[in-house]
Amino acid sequence: MRYAFWPGCVSKGAAPELYTSMVRVAPELGIELVELYDGNCTGAGVISEHSMETADALNARNFAMAQRLDLPLMNICSTCQGVQSMAQNRMRKNSKLAEEINLTLAEEGLHYDAEAGLDVKNFLWVLVEDYGLDRLKSMIKKPLTGLKAGPFYGCYILRPEPILGFDEHPDRDKYLEFVIEALGATLITYEGQDKCCGFPILTINKQNSLTMAANHLSEAQQEGADCLVTPCPLCHLNLDAQQPDAAKYASVNGLEVPILHLPQLIGLALGISPEELRVNRHVVSSRKVLAALSS
Amino acid sequence: MQVKLKVKRFDPESGEEPYYQQYSVEMPETATVLDALIEVREYHDGSLSLRCSCRSAICGSCAMRINGRARLACKTSVRSLAEEGEEILVEPAGNMPTIKDLVADMAPFWDKVRAVKPWLQPSGPPPEREYVVPNEAMQALGEVMNCIMCGACVSDCTSLEVDKTFLGPAALAKAWRFVGDPRDAQDLSRLREYSEPSGIWDCTRCNICVQVCPKDVKPMDQILKLRAAAVHEGIRNNNGSRHTLAFVELVNANGRLDEFRLPIFTEGKFNIIGQLSYLPSAPRMIRSGKMPPVFPHKISGVKHVKRIFKQFGEREPGPAKLVSAGGH
């Protein structure tokens with residue numbers, strides 16, 4: 001299996017452990033990633049607040065690179081997924097816009113065929129739809145028995161459903177649950193698992209942002225989760241890096257919920273060492289995870 | 001078919017805590033959740049309170065949480081949610097006080113709609129006859145004009161869940177109804193007001209309002225149009241607007257996001273006090289190896305990214321006022 005790989009800005013910046021764990025896990029699974037080193041930021045839904053056409057053109061540039069490789073595109077960020085799916089949808093519906101964007105892309109020899117489109121999939125979707133849970137199960141060397149893990153999706157991989165291919169794949173809002181159980185961990189569910197982590201307004205309304213994170217983390221801890229797992233590095237930033245500050249808004253005392261990136265959870269089940277997966281490079285210690293797995 | 005309902009009951013006057021009550025009613029296959037609730041009220045338990053009127057998804061009276069998500073009870077068929085014998089959970093709309101059972105108190109909802117001044121404020125004397133507005137301009141407002149004020153978006157809004165002062169998706173969608181209207185002349189003062197705390201920049205862009213709206217109003221998309229209009233009108237005295245502009249500037253410069261400078265620029269390039277608020281989190285970021293690089297990676301094709309910004313970035317946000325209104 002080969003994919004053009006868009007790692008996103010955050011996995012190369014404030015969440016480098018995501019990138020490291022992804023490129024460590026992929027060959028172990030037999031997935032070949034062809035990284036788009038010259039790819040650009042998707043705009044994260046922010047550039048579109050300034051100019052929708054600019055955001056679409058930036059995404060078309062990445063899509064064109066993947067199309068040139070004749071490969072589907074894999075991302076490791078819920079936000080990238082949502083933004084990419086929405087950009088694809090707009091360009092598919094507006095051939096005039098796509099044409100205009102292609103005039104600009106042509107200057108560097110790129111062309112995005114919006115009508116033909118491109119399979120753009122988060123690693124989570126790749127795992128369940130392309131790789132298959134049975135094959136994943138067959139690769140497990142250390143089942144995550146004893147680990148109680150909860151899902152945290154990130155808004156952009158869940159909504160809006162019609163644009164994110166839910167008509168064809170109606171269970172996309174359950175994939176994290178499927179994966180957690182396939183790896184042998186105990187699934188913990190809680191109300192906030194599909195809500196907003198609060199990250200988009202962290203620098204705008206910090207109290208609201210941290211209260212959102214605190215609510216979800218408190219619920220998860222109350223339900224007994226040893227950790228949460230997320231396919232979105234932006235959610236990771238708010239739930240992990242901001243957790244010490246969010247604790248003051250929490251409804252539980254002693255808030256401590258380690259947050260794992262999806263490839264880290266997969267890697268642990270594949271028997272890769274926690275150090276190699278950089279599980280120790282989070283703000284919230286992963287000791288609960290390691291303790292649950294060693295007991 | 002046998003329809004099983006689990007309904008949240010609450011009567012504040014009784015002094016009792018809310019509780020859940022189960023009902024089972026025989027309904028035709030084509031029944032809606034509202035049909036089943038009315039059947040309960042008429043023939044099984046007259047004490048159950050709910051609000052409804054048109055039964056045709058027009059009046060917006062029967063928005064409530066069904067299986068954890070805001071929906072119009074009259075537009076939701078029981079078959080779409082449950083097989084025979086499966087229970088359907090029915091609760092009042094969220095983010096609003098409950099008057100009784102499934103009846104939410106819409107007073108805070110209407111207060112916020114009124115707060116955005118949802119009426120036309122044209123300039124100059126009124127035309128002799130009616131205002132004439134081009135079709136295209138009104139078509140651009142088609143989504144917001146579909147709003148039936150049911151409150152489904154408000155019920156499930158994740159920002160309102162943590163902050164009751166947020167104006168919320170319905171009121172802000174209504175705000176775009178007037179900012180986007182070519183007859184209205186108060187864009188700038190409106191956008192200034194909407195840019196205040198609890199306004200357009202407090203939306204998390206979680207898309208839940210888009211998902212639950214029964215009339216496809218896409219409230220969040222309208223909020224994003226207000227943001228784009230505010231940025232283009234030069235209303236930059238807030239972190240939201242500065243965040244957008246900083247994001248654009250930094251991606252234009254490097255092709256990728258510069259997470260080190262983004263929060264600094266968001267506070268304002270010369271706002272040292274605001275910037276200092278990020279210092280306390282720096283040691284833990286450094287300790288865990290998560291401090292973004294001070295000198296960000298620049299992609300090799302950055303000139304192509306700059307070309308894209310130059311080509312598309314200077315345009316007016318669309319679809320704003322397509323054509324000015326002309327009077328007779």
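These are my notebook entries on the contact between two chains and on the domains of chain A.

**Entry: the model.** I am working with a predicted model. I keep that in mind for each entry below.

**Entry: chain A against chain B.** I looked up how many residues each chain brings to the contact. Chain A gives 44 residues, and chain B gives 52 residues.

Next I looked up the helices on the chain A side. Four of chain A each supply at least two residues there: α2 (47–50), α3 (52–69), α9 (206–222) and α11 (243–246). Which of the elements gives the most to this side? I found that α3(A) does, with five residues.

Then I sorted the side of chain A that touches chain B by class. I noted 19 nonpolar residues, 13 polar ones and twelve charged ones.

**Entry: domains of chain A.** I turned to the domain assignment of chain A. Domain 1 covers 2–122, and domain 2 covers 133–294. I looked up the spacing as well: the C-alpha centres of these two domains of chain A lie 24 Å apart.

**Entry: domain 1 against domain 2.** How many residues of each domain of chain A are in contact with the other? I have 24 residues from domain 1 and 25 from domain 2.

On the domain 1 side, α1 (16–29) and α4 (78–93) of chain A are the elements that give two or more residues. The largest share comes from α1(A), with nine residues.

I closed with the classes on this domain 1 side. Ten residues are nonpolar, eleven are polar and three are charged.

Note on methods:
Residues numbered from 1 in each chain as written. Chains lettered and ligands numbered in written order. Predicted model: local features only at pLDDT ≥ 70, side-chain atom pairs only at ≥ 80, totals over all residues. Contact = placed C-beta atoms within 7 Å. Nonpolar A, V, L, I, M, F, W, Y, C, P; charged D, E, K, R; others polar. Domains from an automatic or database assignment.
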